[in-house]
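Here are some short exercises to work through with the model open beside you. Try each task before reading its solution.

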Amino acid sequence: MGTASSLDGRRFRAVQDTVGGEVGTETEFTYHEDGGEVWAEYGGGGVRRGFLVGTREGDRLDFRYSQLNSEGGTSSGHCVTAITTLPDGRIRLDETWEWESRPGSGTSAVEELR
């Protein structure tokens with residue numbers, strides 16, 4: 001199986017609410033990609049505004065994120081993501097993340113919106 005398509009301009013939502021995190025099924029991500037660099041803006045649900053920036057190597061993303069939650073608090077962390085292509089052609093991102101600004105870590109998944 002080859003490398004998944006570019007993430008540039010693709011929109012994603014969480015598959016389920018994240019345990020220990022603030023991202024949920026109402027959080028929408030818009031990804032950008034250019035020459036191995038990836039970045040995204042996101043918001044919705046428990047996240048008022050979030051940004052991520054990092055790199056892509058093959059089907060692996062490595063990025064840091066920073067976000068403002070609905071209560072006005074800020075947090076940041078690190079995430080490593082595996083990119084897969086679903087049977088219907090949409091992209092899925094399986095994420096392993098950890099807060100750096102506070103205790104906690106976990107896994108989550110987002111899938112491309114149709």
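Two strands count as paired if DSSP finds at least two bridges between them. Keep in mind that this is a predicted model.

**Exercise 1. Find out how strand β7 is joined to strand β6, and which residue of β6 stands opposite R92.**

Step 1. Locate the two strands: β6 covers residues 74-85, and β7 covers residues 91-99.

Step 2. Look at the bridges. There are 9 of them between β6 and β7, and the two strands run antiparallel. The cut-off for pairing is at least two bridges, so β6 and β7 count as a pair.

Step 3. Pick out the partner: T84 is the residue opposite R92.

Step 4. Follow the chain through the turn. β6 and β7 make a hairpin with 5 residues between them, and G89 in that turn has a positive phi of about 95°.

**Exercise 2. Work out which side chains of β7 are buried, and what β7 pairs with on the way to β8.**

Step 1. Walk along β7 and watch the side chains alternate. I91, L93, E95, W97 and W99 point to one face and are buried. R92, D94, T96 and E98 point to the other face and are not buried.

Step 2. Move on to strand β8, residues 105-112, which is antiparallel to β7 and joined to it by 7 bridges. One of the contacts to look for is W97, whose bridge partner in β8 is G106.

Step 3. Check the turn. The hairpin of β7 and β8 has 5 residues between the strands, and G104 in the turn has a positive phi of about 130°.

Step 4. Finish with the ring of W99: R102 lies over its face, 3.9 Å from the ring centre.

**Exercise 3. Trace the pairing from β1 through β4, naming a residue pair for each step.**

Step 1. Begin with β1 and β2, which pair in the antiparallel sense over 3 bridges. Here R13 stands opposite E28 in β2.

Step 2. Continue to β2 and β3, again antiparallel, with 7 bridges. D34 has E37 as its bridge partner in β3, and Y31 has A40. The hairpin has 2 residues between the strands, and G35 in its turn shows a positive phi of about 55°.

Step 3. End with β3 and β4 (residues 47-57), an antiparallel pair joined by 7 bridges. E41 stands opposite F51 in β4. This hairpin has 2 residues between its strands, with G45 at a positive phi near 65°.

**Exercise 4. Classify the ring pairs F12–Y31 and F29–Y42, and say which parts of the chain they link.**

Step 1. Start from the total: the model has 5 aromatic pairs.

Step 2. Take F12 and Y31. Their rings are 5.3 Å apart centre to centre with 75° between the planes, and the pair is edge-to-face. F12 lies in strand β1 (residues 11-14) and Y31 in strand β2 (residues 28-34), so the pair ties together parts 19 residues apart in sequence.

Step 3. Ask about burial. F12 is buried, with a relative accessible area of 0%, and Y31 is buried at 0% too.

Step 4. Turn to F29 and Y42. The ring centres are 4.7 Å apart and the planes are at 25°, so this pair is stacked. It links F29 in strand β2 to Y42 in strand β3 (residues 37-44), 13 residues apart. Both F29 and Y42 are buried.

Step 5. Put the pieces together: ring pairs link F12, F29, Y31 and Y42 into a cluster.

**Exercise 5. Describe the largest cavity and the residues that line it.**

Step 1. Count first. A search of the whole structure finds 1 cavity of 30 Å³ or more.

Step 2. Give its size: the largest cavity holds about 180 Å³ of space.

Step 3. List its lining. There are 15 lining residues, and V23, Y65, Q67, E95 and W97 lie nearest the centre. β5 (60-69) and β7 each supply at least two residues of the lining.

Step 4. Sort the lining by character: 9 residues are nonpolar, 4 polar and 2 charged.

Step 5. Connect this to Exercise 2, where E95 and W97 appear among the buried side chains of β7.

Technical notes
Residues are numbered from 1 along each chain as its sequence is written. This is a predicted model: local features need pLDDT of at least 70, side-chain atom pairs count only at pLDDT 80 or more; totals for chains, interfaces and linings use all residues. Side-chain values use heavy atoms; hydrogens and water are left out. Rings of Phe, Tyr and Trp (its six-membered ring) pair if their centres lie within 6.5 Å; planes under 30 degrees apart count as stacked, over 60 as edge-to-face and the rest as tilted. Helices (H or I, at least four residues) and strands (E, at least two) are DSSP runs, numbered from the N terminus. Buried means under 20% relative accessible area, exposed over 50%, partly exposed in between (1.4 Å probe, protein chains only). A charge sits over a ring if NZ of Lys or CZ of Arg is within 6 Å of the ring centre and within 35 degrees of the ring normal. On a 1 Å grid over the protein atoms alone, a cavity is a set of points where a 1.4 Å probe fits but cannot get out, and a pocket is an open set with protein on both sides within 12 Å along at least five of seven lines; lining residues have an atom within 4 Å of a point. Grid points are joined across faces, edges and corners, and a volume is the space filled by probe spheres set on the points. Ala, Val, Leu, Ile, Met, Phe, Trp, Tyr, Cys and Pro count as nonpolar, Asp, Glu, Lys and Arg as charged, and the others, Gly among them, as polar.
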